[in-house]
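Visitor: I should like a close look at a single part of this model and at what surrounds it. Please start from the aromatic side chains and state each criterion as it arises.

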Amino acid sequence: MIASLVLKQITTGYIEFVVVQNSHQRKEIATTILKENIKQSSYKDYVLDVTNINTAAIRCYSAIGFEKFKRKAQ
């Protein structure tokens, strides 16, 4: 046998960023985008990074159900 391949199912999605134009913030646009993407995907878990000072994003993610599991010093 020359090579052996293992197909591993990827179960974790990574959210890099969500951006909403300033004039449209606080209208639940980011929340709706995230909820729809999560609903339409096959991932079981998600990981995202957010800075401590981005309290609006933290509130948005928390409202969807994200929980803090790791904190890195900045």
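Guide: With a relative accessibility of 39%, Tyr43 counts as partly exposed, a class that runs between buried (under 20% relative accessible area) and exposed (over 50%), computed with a 1.4 Å probe on protein chains only. The model is predicted, so local features need pLDDT of at least 70 and side-chain atom pairs count only at pLDDT 80 or more, whereas totals for chains, interfaces and linings use all residues. Residues are numbered from 1 along each chain as its sequence is written, and side-chain values use heavy atoms, with hydrogens and water left out.

The structure contains two aromatic pairs, a pair being rings of Phe, Tyr or Trp (its six-membered ring) whose centres lie within 6.5 Å; planes under 30 degrees apart count as stacked, over 60 as edge-to-face and the rest as tilted. Tyr43 and Tyr46 form an edge-to-face pair, because their ring centres are 5.9 Å apart and their planes stand at 85 degrees. Tyr61 and Phe66 are also edge-to-face, since their centres lie 5.9 Å apart and their planes meet at 65 degrees. Tyr61 is buried at 11% relative accessible area, and Phe66, at 19%, counts as buried.

Tyr61 leads to helix α2, where Ala57, Cys60 and Tyr61 are buried; helices (H or I, at least four residues) and strands (E, at least two) are DSSP runs numbered from the N terminus. Viewed down the axis of α2, the buried residues fall within an arc of 90 degrees, so they line one face of the helix; the arc is taken over the directions from the helix axis to the C-beta atoms. An α-helix has 3.6 residues a turn, so residues three or four places apart point the same way. Arg59 and Ala63 are exposed on the other side of α2. The cover over the buried residues of α2 includes α1 and β2.

Two isoleucines of α2 add detail. Ile58 lies in this helix and is partly exposed at 31% relative accessibility. Its contacts (heavy atoms within 4.5 Å), leaving aside neighbours within four places in sequence, are with Val50, Thr51 and Asn52. Ile64, likewise found in α2, is partly exposed at 21%. Beyond its neighbours within four places in sequence, Ile64 touches Thr31, Leu34, Lys35 and Ile38. Just after α2, Gly65 takes a positive phi of about 120 degrees.

Helix α2 (55–64) and β2 (45–48) each supply at least two residues of the lining of the largest pocket. A pocket is an open set of points on a 1 Å grid over the protein atoms alone, where a 1.4 Å probe fits, with protein on both sides within 12 Å along at least five of seven lines; lining residues have an atom within 4 Å of a point. The largest pocket has a volume of about 690 Å³, volume being the space filled by probe spheres set on points joined across faces, edges and corners. Among its 18 lining residues, Leu48, Asp49, Val50, Lys68 and Lys70 are the closest to its centre.

The second largest pocket holds about 520 Å³. Of its 24 lining residues, Gln25, Ala30, Ala56, Ala57 and Cys60 lie nearest its centre. Helix α2 gives the largest share of this lining, six residues.
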